[in-house]
Amino acid sequence: MPTRPYVIDEMISAKTIAARVEELAREITAHFQDTNKLVVVGLLRGSFVFIADLVRELDLPVEVDFMEASSYGDATHSSREVRILKDLRGEIAGRDVLVVEDIVDTGHTLKHVLTLLKARKPARIEVCALLDKPTRREVAIKATWTGFEIPDRFVVGYGIDFAQRNRNLPHIGAVRFTDGDDQ
Ligand code: IMP
């Protein structure tokens, strides 16, 4: 539970998100047009709302699978440890894969997950991230498709949490502490 009082300033409205999801889905559909069945891999838990909206806009045969990764360590150091808490149920060798991530921040999580998945020899693997904070990057990595580039603010909503709260907000908002201290 967050211990400090905070408010959430709306950053991206539900309507803007929906329009962008439609655009992303059109581009992804065109890219994987010739796939026989795309495996959409959602990274839990932050991508669950995004993946639900995105797959419903894809005009492709899809399978949905999930992975959960967690990164530990001091966020100010690049030696972060990423652990896989839940692996895929299905095989991806020879398959077309789309990894769906909520936020690419330092990039450690995505890099680790991609290294792991590429070792399983998928035919193609691409990444769609809803949000990107490019100024926070510690490892060189970029999603194939990004919904929105955002500044270095802590955000919540549309599946994304602050200490497990606020995932159910329909829009994306930035956390602002109201106890006078800087965030
Ligand atoms: P990275 O390994 O630093 O790129 O971390 C990515 C993960 O950190 C995301 O999938 C989120 O779970 C979490 N994260 C990064 N920024 C935020 C934020 O602003 N709000 C909530 N979670 C975040």
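## Two backbone details in loops

Let's start with Lys121, which is found in the loop between helix 3 and strand 6 (124-132). This is a predicted model, and in it Lys121 has a positive phi of about 55° although it is not a glycine. If you are browsing the backbone, that residue is a good place to pause.

A second loop deserves a look too. Arg45 is placed between strand 2 (38-44) and helix 2 (48-57), in the loop there. The peptide bond that leads from Leu44 into Arg45 is cis, with omega near 0°.

## An open sheet of three strands

Now for the sheet. Its 3 strands follow the order 1-9-8, the sheet is open, and the pairing is antiparallel. Strand 1 (6-12) and strand 8 (155-156) stand at the edges with a single partner strand each, so each has one side left without a neighbour in the sheet.

Between strand 1 and strand 9 (residues 172-177), the antiparallel pairing runs over 6 bridges. To find the register by eye, take Ile8: its bridge partner in strand 9 is Val175. As a general reminder, strands of a sheet pair through backbone hydrogen bonds, either parallel or antiparallel.

## The shell around the ligand

Where does the ligand sit? Its place is in the largest pocket. There, 16 residues surround the ligand, and the closest are Asp102, Thr106, Thr109, Lys133 and Val155.

Which elements each supply at least two residues of this shell? They are strand 5 (96-104) and helix 3 (108-118). The largest share comes from strand 5, with 4 residues. Sorted by class, the shell holds 7 charged, 5 nonpolar and 4 polar residues.

## Polar atoms facing the ligand

Three side chains bring polar atoms to oxygen atoms of the ligand. For Thr106, an N or O atom of the side chain is 2.4 Å from a ligand oxygen. For Asp102, a polar side-chain atom lies 2.6 Å from an oxygen atom of the ligand. For Lys133, the distance between an N or O atom in the side chain and an oxygen atom of the ligand is 2.7 Å.

How much of the ligand's accessible area does the protein cover? On its own the ligand has 490 Å² of accessible area, and the protein covers 84% of it.

Definitions and conventions: Residues numbered from 1 in each chain as written. Predicted model: local features only at pLDDT ≥ 70, side-chain atom pairs only at ≥ 80, totals over all residues. Heavy atoms only, no water. Near = heavy atom within 4 Å. Polar contact = N/O pair within 3.5 Å; in protein donor to acceptor, adjacent residues only side chain to side chain. Areas by Shrake-Rupley, 256 points an atom, 1.4 Å probe, with all protein chains shown as cover. 1 Å grid on protein atoms, 1.4 Å probe; cavity = no way out; pocket = protein on both sides within 12 Å on 5 of 7 lines; lining within 4 Å. Sits in = over half its atoms within 2 Å of the grid points. Nonpolar A, V, L, I, M, F, W, Y, C, P; charged D, E, K, R; others polar. Pairing = 2+ DSSP bridges.
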